[in-house]
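Here are some exercises to help you find your way around a new structure. Try each one yourself before you read the solution.

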Amino acid sequence: MDTLMETPVRTFVDVMEIWVPEGDRLVPGGGHYGTLSAFAEASRKTSFARGEGLPGKAWAEERPIVLKAFEGSYFLRTDAAKEAGLTSAVAIPVFAGRTLKAVLVVLCSDDADRYGAIEVWAESDGILSLQDGYYGAAKQFEEISQRTTFKRGQGLPGSVWSSKTPILMRDLGLGYGFMRAESAGKIGLNTGLGLPVPVPNGTTYALTLLTASGTPIARRFEIWDARTAKVGSSGKAVLSDGICARSGPLWNFETDRMVAPWQGPVGRALASGLPVIDTGAGAAGYASMVALPIHRGAELAHIVAWYC
Amino acid sequence: MQKLVVIGAGMASGRLLEHLFDAAPGAFDVTLFNAEPRGNYNRLMLSPVLSGEKSYGEIITHDDDWYAGNTVTCRFGEKIDGIDRARKVVLSAQGETPYDKLIIATGSNPFIIPLPGHTLPGVISYRDLDDTNAMIETSATPGARAVVIGGGLLGLEAAAGLRMRGMEVTVLHNTGHLMERQLDAAAGYLLRRDLEARGINVITQAQTQSIEGNGHVARVMLVDGTELPCELVVMAVGIRPSVQLAKDAGLDVGRAITVDAQMQTSDPDVYALGECVEFAGTLFGLVAPLYDQAKVLAKTLTDQEDAFTVKELATKLKVTGCDLFSAGDFAEGADREDIVFRDPGRGVYKRLVLKDDHLIGAVMYGDTADGSWFFGLIKDATDVSDMRDTLIFGPAYQGGATADPLSAVAALPADAEICGCNGICKGQIVSAIKGGAHTLGDIRATTKASGSCGTCTGLVEQVLAVTLGDDFVMPTSQPVCKCTEFTHEDVRLLIKTKELKSQPAVWQELGWTTPNGCHVCRPAINFYLLADWPLEYQDDPQSRFVNERNHANIQKDGTYSVMPRMWGGITTPTELRAIADAADKYNVPTVKVTGGQRIDLLGVKKEDLPGMWFDLNAAGMVSGHAYSKGLRTVKTCVGTDHCRFGTQDSTGLGIKLEKLLWGSWTPHKVKLAVSGCPRNCAEATCKDVGIICVDSGYQVGVGGAAGMDLKETERLCDVPTEEEALEVTAAFVQIYRENAKYLDRPYKWIAKVGLDWVKERVVDDLENRRALVARFDLSQTIYRKDPWAPLAAKADTFAPLADLTLEAAE
């Protein structure tokens, strides 16, 4: 499998955490902190009011947010983050219709040779442009991305926008009709997961995770389709695409792979509509995985899962 | 060990080898030739490779290790030049290869339309990895444009993939809707909508004239003059079985290589499978029967019994986010029954076709969850009479699901205009409801919506129902027909608000319960669409009453009447001679002068119509539209030219009015008259529009009637000049066209909206009047044409129209 390389590398993301609403606050709902136990401890003692801190801001502003500097910002755990070497974060709110189900936060640390991209694209006047993104050391790619826009159906963000569906793209560095491809190829960005981030006010947001083999965001990606229009009223979800550094392609042309509610971490996300982080058996042999539900209106439509 | 030579390393032969190695490992010494320089890969997944959603590595079915593990001698990139059946060898550039058994699996070749310029570099087919890579390479040029010729499965997958690669893409399809072999018009409409939402330009009814370029493709030209600049042309118009090798070897070849149920050709040592074969008159293009063939042939080669049979097939499109499913036969027919479910809000369309209590076809778009279940019912020929009522809801139906008639209104966005008179959008009405306005009266008082002409009342009530739920009781109103719960007024408004520009769009977005409407709604919808979207909508003759289809009035004995136009009731000796000649030539039994100052030829046989039209056209006369829901006649008196009492040139105005208005389609027939003085010899005061000339100008009256109802016109306005009389009349006809219910004469429509409402828009608001005239003029650029002319020119080949499934009858 040459798209995702199975090599012992540092990951692009250091921390993943879930914040869930409880009353009028967001409280910890699980996370993967790796060796950053002090930051984990600080997080466990924290909760956020609406508008407070990064998760609270994503909740209040009803949009995914990229925060690339903690010092002097609204980020509440700046000292703990600084101590842990964390420098940037992306908050992704999970809405089911108007209801906030959770906020997923990923945190990264700067590194001179850590390449990857977590991008938030927003639609305005019929064009999708970069709202913000975290790129690690991929500075040139970041600059190009800032100058790039997508129309409906074009590229990974434009395709996510027009199809309202998560999409997994391979060979990002090959032949795409935009300048990003060449730059992506140079720094080894080879696989991209794009997903819609629905918000109550209807603004179109597409989140993209572009992973490089050297410092992968993930080494296994899965997209599960849970729409009743696809799977009926069974309550199950069907794997519509997937790729794994160890197992190769996860999709099967002739056989549908299904997951039932509560079956593994994806099944838990399916049943609860909440994001799930698993660091045990559910992580398919990887250190951690996250299953992120995506709703269409109030209905759960898809689950994307990534493993690293 | 038998020597088995296989020509072609595609999916069919690959599956055959898998079965063979499973069933009889080591029994065959296999040599596999392939013209492509690679082994078996999943060709069906090339589209995701093109789009970037799969890599080539992922779609390789058999890699080098697999071939080596099964000791297959691979001769990839080596083309077979011939088969010597007598000596049982195949011939290639590298020499002869002997066989005991030979398998031909040469597949198919893409069909290339021999258009001028089809050999230019940049024109490619879409068949294999090389084609795919060529497309990917072209898409790497920023701003590159592609034209895909063919709106079938392959063409659309190519278009979607190229679009994802960043190209500007246009799809050309030569029929009325996409994938017409797999989808009906409604599903085709939804698919087109989805593709257009991806930025793909779709042109149906497209006739490609040529491909042009200087050394490389630069543009595609259509017959209508449209120029489509492009750097890539993808021809995806179909495939042809690749049979030349078999033909040259003397095997029996029909449309493809003829095989029996054991996949044996006319030579007992030569077998064939895949897209290159013909079995029982059937060709194959989908993978399922190919796999069945592979299974059968493996058994045949290992001396087991099996027989290939043709089965029903289902279709899926591999464009992420487009969910469609079709299976079986979904053509319309008198012996068939349709069950239709639509959910406009979710973009869902399902149609089941039943015959003799069996499901024979299914088309689904947007919700394909039950596709496999329906497919099973079709394949198994299950008697569905016991589940007929709930069948459309699928196997999980629990008795509670029904189509929501309000879903189309619920799906309207907040900025959708509900009340055109006062410019009130759905969001404003919803806000008013949330602010406490819970009745129609409250809404009128707070927003003015439905407070003017009142035609949006039904829609406002539906917004109330959607917003308030059970707290609002919908008044019963008369729907257009049994196909819908919407009234005519609702439909008219929604066609404008939702910009519905085709019949399938109306059926789907307004949740019609029938596949294509019925004889009641189709003429109305056809009119509403052509009136609102004259440029975009194409008039559908199948949705017209029989007289309008035949351009003549059918009489009680089955003959027709023919009435040429006489502008303003004025004729000439030449015209009269032509009419007399036509009456003689075609043995017309009755010639009648009508109340509208025309000459009517009654008793014309249907087969004589084109010839008579031809003769009358030759004399300079056009159809008088005596059969139409449109402008009939403008009756005049002689006016100032001859009459002592005439105040204005009433004849001249009548002629100008008729030349301005003729050909326009209206909700019902429209009759005009112009009288030169208040003595009113032209009887203008009982017409739909009647103008009385007076010394000071022109008195324009509207809404008269002299039929089942008798009614005098009401004064719309007085204008001083002939130009204004023409302008006001055109504006009135246009506002009637845009707003009236189909089959409401103007007097009935005016009674509903009120003359003051009409005056405000036609008389008082000069800007609006001119806008109405401009829209009327625009429509007339399409419709001010003689309908006889094109048919008359074909008089020698004329044949009566075939019986139609949906026979509209007046």
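**Exercise 1: one residue and its surroundings**

B:V169 is buried, since 30 other C-beta atoms lie within 10 Å. (Buried means that 20 or more other C-beta atoms lie within 10 Å of the residue's own, exposed means 12 or fewer, and partly exposed is in between; C-beta atoms are placed from the backbone.) Before going on, note that this is a predicted model: local features need pLDDT of at least 70, side-chain atom pairs count only at pLDDT 80 or more, and totals for chains, interfaces and linings use all residues. Residues are numbered from 1 along each chain as its sequence is written, while chains are lettered from A and ligands numbered from 1 in the order in which they are written.

Task: find the strand that holds B:V169 and list what the residue touches.

Step 1. Look in strand β11 (residues 168–172) of chain B, where B:V169 is found. Strands are DSSP runs of E with at least two residues, helices are runs of H or I with at least four, and both are numbered from the N terminus.

Step 2. Leave out residues up to four places away in sequence, and B:V169 touches B:A146, B:V148, B:A159, B:L162, B:R163, B:I200 and B:N201. Touching, or contact, means C-beta atoms, placed from the backbone, within 7 Å.

Step 3. Pick out B:I200: it is 31 residues from B:V169 along the chain, yet their C-alpha atoms are separated by 5.3 Å.

**Exercise 2: a residue in chain A**

Task: decide whether A:T99 is buried or exposed.

Step 1. Go to strand β6 (residues 99–108) of chain A, where A:T99 is found.

Step 2. Count the C-beta neighbours inside 10 Å: there are 12, so A:T99 counts as exposed.

**Exercise 3: following a strand**

Task: work out which strands pair with β35 of chain B.

Step 1. Start with strand β35 (residues 697–702) of chain B: 5 of its 6 residues are buried, so it is largely enclosed by the rest of the structure.

Step 2. Strand β34 (residues 689–694) of chain B pairs with β35(B) in the antiparallel sense over 6 bridges. (Strands pair if DSSP finds at least two bridges between them.) Here B:I691 stands opposite B:V700, and a hairpin of 2 residues joins β34(B) to β35(B).

Step 3. Strand β38 (residues 714–719) of chain B also runs antiparallel to β35(B), with 5 bridges. One bridge to spot is B:Y698 with B:V719.

**Exercise 4: an open sheet**

Task: name the edge strands of the open sheet of 4 strands in chain B.

Step 1. Write down the order, β28-β29-β31-β30, with antiparallel pairing.

Step 2. β28 (553–554) and β30 (590–593) of chain B are at the edges; each has a single partner strand, so one side of each lacks a neighbour in the sheet.

Step 3. Check β30(B): 4 bridges link it to strand β31 (residues 599–604) of chain B, and B:K592 stands opposite B:D600.

**Exercise 5: where to be careful**

Task: find stretches of chain B where pLDDT stays under 50.

Step 1. Begin with the whole chain: chain B averages a pLDDT of 91, and 96% of the residues score at least 70. pLDDT is the predictor's confidence in each residue, from 0 to 100.

Step 2. Residues 398–402 of chain B stay under 50, with 1 contact beyond four places in sequence. Residues 797–810 of chain B also stay under 50, with 27 such contacts.

Definitions and conventions. Contact = placed C-beta atoms within 7 Å.
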